[in-house]
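This report describes one protein for a reader who is beginning to study structures. Please keep the sequence and the model in view while reading.

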Amino acid sequence: MRILQYYRFLVGTKIPFDKWPAIIERYLLEQKLHHQSFHYCLVTYDDSERCRSVLDGTKCETCSAPESACERCRKEAEDTLRKGTACERAMKENPFLGTIKVRQMRYYTIQSLNNFHDESNNSKENIYAIIPKIYRRYGFAETALIYRDIDFFSLRISTPAPESEYLLSGYEGSGITLYRSCLSQDNAIILVVESRYPGEVLNSTPYADALGKLLPGIKCLSATKIIMEDGEQACYEALHSQAKPLIKQAKEFFHKHIPEEKGNDEPDQKLSVASWLKKLSKRYGYTYSGYLNYMYFLEKKLSNGHYICLEFLSNPLSPAADPYVKLCGLGFNLEIWADGFSPQNSRDASDFFTKLFDTLAQAEESVFAAILDLYPNTPDWFIPTH
């Protein structure tokens, strides 16, 4: 079983991307760490087929835009074809980037340049030299730089070369991934420390803390990812099958105890969902983990190492706080129950949230225990992934 301990530093736009490599080089030097290979992946979207269809008129047959837009549309298509894609421009000026890889998706075409086949660090200095151009000159949609197979704890665990070009979550192996996108705010430095289990899974938090000191003010999210061998996977699938009827009972338990009708006759009132969750988390023994991507996260660690994980979907533009209840631990992440809730006022919030946490407390001693007793204890190093 491969154990991947993830630490995702949410850099966003707080530090310019061309400054990131210097931070990583300083980190590796200070921690006396070395990486076996260096990879790059530069991604763009090829719009040339659509542009050609504009110029030959075939796109116009299904276009609903007014005629006044035609001249501008044709000029944009001509300019796009004349300039070429980011991959084409970068490859022309930097032959070391190699040949363009093409992936044809259903609605669009992706081009990329990568050196996933290279098992050395030979391309690192060349990439460092053009980093300022990646967005300012070429305009790549996504970029990932990977410091692969880092010798954490003076151990090097060899991993296969990257295969997927979707590296938003970071490379699966001991290393550091620098991920930058112009399509979202998910720009992040992702530290991953791999261990093998059964066996000693060492505490990787000091490595994350050391990197955090070089990224002051940058929030870090941590999680554990499990990659099982075939035999282990079969064992857990058998446990999941045994858990299915118990999960159904747990779902019925919540439907029975949580009222369908919510609200009251008192006036609407603006309130803070976070304040209620923080207060009730403390009262019922949960840890409030914060708000990210329209979700509030809470968790409670049980005596067997397993977790009750709570998520509340809440858009800032609406009063919703839709609850999702999960059970998770080493090798499992089980969805138990979900509901919809938009607190009308303080009394409504108090009634619903209190009833929910009271029900969770009862479930912990009954329907949850029946499910969790099926699974082996979860080790202390495990961090749940919501």
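Among contacts in the protein between residues at least 6 apart in sequence, what percentage join residues at least 24 apart? The value is 69%. The structure discussed here is a predicted model, and the values below are computed from it.

**The protein as a whole**

The protein contains 11 helices and 13 strands. Its C-alpha trace extends over about 65 × 60 × 40 Å along the principal axes. Of the 386 residues in the protein, 49% are buried. The exposed area of the protein is about 20,100 Å², and 51% of that area is supplied by carbon and sulfur atoms. The protein carries 45 positive and 50 negative charges, and the mean positions of the two groups lie 5 Å apart.

**Strand β7 and its partners**

Strand β7 covers residues 188-196. Is this strand largely enclosed by the rest of the structure or open? Because 8 of its 9 residues are buried, β7 is largely enclosed by the rest of the structure.

Two pairings of β7 are set out below.

| Strand paired with β7 | Sense | Bridges | 
|---|---|---|
| β1 (residues 2-9) | antiparallel | 8 bridges |
| β6 (residues 175-181) | antiparallel | 5 bridges |

Individual residues illustrate these pairings. Tyr6 has Val192 of β7 as its bridge partner, while Ile176 has Leu191 of β7 as its bridge partner. In addition, β6 and β7 form a hairpin, with 6 residues lying between the two strands.

**Asn264 in its loop**

Where is Asn264 found? Asn264 belongs to the loop that lies between helix α8 (230-257) and helix α9 (273-284). Is Asn264 buried or exposed? Its relative accessibility is 15%, and a residue counts as buried when this value is under 20%. Asn264 is therefore classed as buried.

The surroundings of Asn264 can be described in two steps. Within the loop region, a polar atom of the Asn264 side chain lies 3.0 Å from the backbone nitrogen of Glu266. When neighbours within four places in sequence are left aside, Asn264 is in contact with Gln344, Asn345, Arg347 and Asp348.

Note on methods
Residues numbered from 1 in each chain as written. Predicted model: local features only at pLDDT ≥ 70, side-chain atom pairs only at ≥ 80, totals over all residues. Heavy atoms only, no water. Helix = DSSP H or I, 4+ residues; strand = E, 2+ residues; numbered from the N terminus. Buried < 20%, exposed > 50% of the residue type's maximum accessible area, 1.4 Å probe, protein only. Contact = heavy atoms within 4.5 Å. Areas by Shrake-Rupley, 256 points an atom, 1.4 Å probe, with all protein chains shown as cover. Lys, Arg positive; Asp, Glu negative; His and termini not counted. Charge placed at Lys NZ, Arg CZ, Asp CG, Glu CD. Polar contact = N/O pair within 3.5 Å; in protein donor to acceptor, adjacent residues only side chain to side chain. Pairing = 2+ DSSP bridges.
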